[in-house]
Amino acid sequence: MKILITGGTGQLGQDCREVLNSENRVVSLGSRELDITRQEAVHQMVRQLMPDIILNCAAFTRVDDCETARDTAWQVNAEGPRNLAGAARKTGAKLIHISSDYVFDGKKPVPEAYSEADVANPISFYGKTKWAGEEAVREGVGNHMIVRTAWLYGLGGQNFLKTILRLVLRDSERVLRVVDDQFGSPTWSYRLALQIKRLMEADGRGTYHATSEGHCTWYELAAQFLEKMGVSHRIVACTSEDYPTPARRPLNSILENHRLKTDGLNRMKPWDMDLGEFVRRFRERLIGEIRENQDIT
């Protein structure tokens, strides 16, 4: 198959290119090569490439920035998917769109999880743009798949784990406060790429949840990660009220991979197992990159 990946320079886009490239013809484009907010550019590129599948990994994911940079967030997360859906419909391509746990309000009591059938009710502007993007895909092209994921981390791009590691390496004596009342399933972007590949092979349609199995808090994630990394640290738990942010976060971001399991397609692993594998593979590289960029000894 010929696959066009948009947002190809991000952490998920990079892993999807790696996973899909061996058995397919993959064209992976970053935002500088294809700005999905420009409708004509999108249509022209899709007409030129004529892919069988468009995999949209492009997104404006800086949740707090979405509260102020609303026009940019809306253009990338809502209008961009609409442009891709229109181009996919005209060329007969299938559109796979990556969405978020933030389409839910997080009011379910922990450990109850959100399934694909639950009603969306985003509480942040980021969540609202992601929900609008989903709706644009559903309305714009019949042959589509929406994959909701959560708490994504990987080797490429920026993410929570890299931020925590950078802060600790900069000053191991600094006390870091990490929220301990928001629950979710940390998901390795490489594992998600493998899951997307499986869904492509099965010609999945509609909406799927794809996160790691199990759940934890941000504090528990940070503590386990730093322990596995063998890095000296001082972190303490706090509440969301203790650590206010411009955007409201759902307290419960736990997603249930219901359709993956029902359809016999689930490839997701327990979150702590994947975290351990991630550290085993990339510990030295993660530390080396941060020390090189920050001149840390």
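## Salt bridges and a helix pair

Asp203 has a relative accessible area of 40%, so this residue counts as partly exposed. That is a handy place to enter this predicted model, since Asp203 has a charged partner to introduce: Lys94, with which Asp203 forms a salt bridge. The closest N and O atoms of the two are 2.9 Å apart. The pair ties together distant parts of the chain, as Asp203 sits in the loop between helix H7 (189–201) and strand S10 (206–209), while Lys94 belongs to strand S4 (residues 94–100), 109 residues away. Lys94 has a relative accessibility of 5%, and because the cut-off for buried is under 20%, Lys94 counts as buried.

How many salt bridges does the model hold? The count comes to 23. Three of them are set out here.

| Acidic residue | Basic residue | N to O distance |
|---|---|---|
| Asp203 | Lys94 | 2.9 Å |
| Asp274 | Arg191 | 2.7 Å |
| Glu201 | Arg198 | 3.9 Å |

Take Asp274 and Arg191 next, whose side chains meet in a salt bridge. This pair also links distant parts of the chain: Asp274 lies in helix H10 (residues 271–294) and Arg191 in helix H7, 83 residues apart. Are these two residues buried or exposed? Both Asp274 and Arg191 are buried.

Helix H7 also holds both ends of another bridge, the one between Glu201 and Arg198. These residues are three apart, about one turn of the helix. Glu201 counts as partly exposed at 47% relative accessibility, and Arg198 is partly exposed too, with a relative accessible area of 27%. Their bridge does not stand alone, for salt bridges that share partners join Glu23, Lys197, Arg198 and Glu201 into one network.

Now to a pair of helices. The axes of helix H4 (residues 70–91) and helix H5 (residues 125–140) come within 8 Å and cross at roughly 15 degrees. Angles under 35 degrees count as roughly parallel, so H4 is roughly parallel to H5. Their crossing is right-handed. On the H4 side, the contact residues include Trp74, Pro81 and Arg89, and H5 contributes, among others, Phe125, Tyr126, Lys130 and Glu139. What classes of residue make up this contact? It has 10 nonpolar, four polar and six charged residues.

Conventions
Residues numbered from 1 in each chain as written. Predicted model: local features only at pLDDT ≥ 70, side-chain atom pairs only at ≥ 80, totals over all residues. Heavy atoms only, no water. Salt bridge = Lys/Arg side-chain N within 4 Å of Asp/Glu carboxyl O. Helix = DSSP H or I, 4+ residues; strand = E, 2+ residues; numbered from the N terminus. Buried < 20%, exposed > 50% of the residue type's maximum accessible area, 1.4 Å probe, protein only. Axes fitted to C-alpha atoms, helices over the stretch in contact; angles between N-to-C directions. Parallel < 35°, antiparallel > 145°, perpendicular 65-115°, else oblique. Left-handed = near helix turned anticlockwise from the far one by under 90°. Contact = heavy atoms within 4.5 Å. Nonpolar A, V, L, I, M, F, W, Y, C, P; charged D, E, K, R; others polar.
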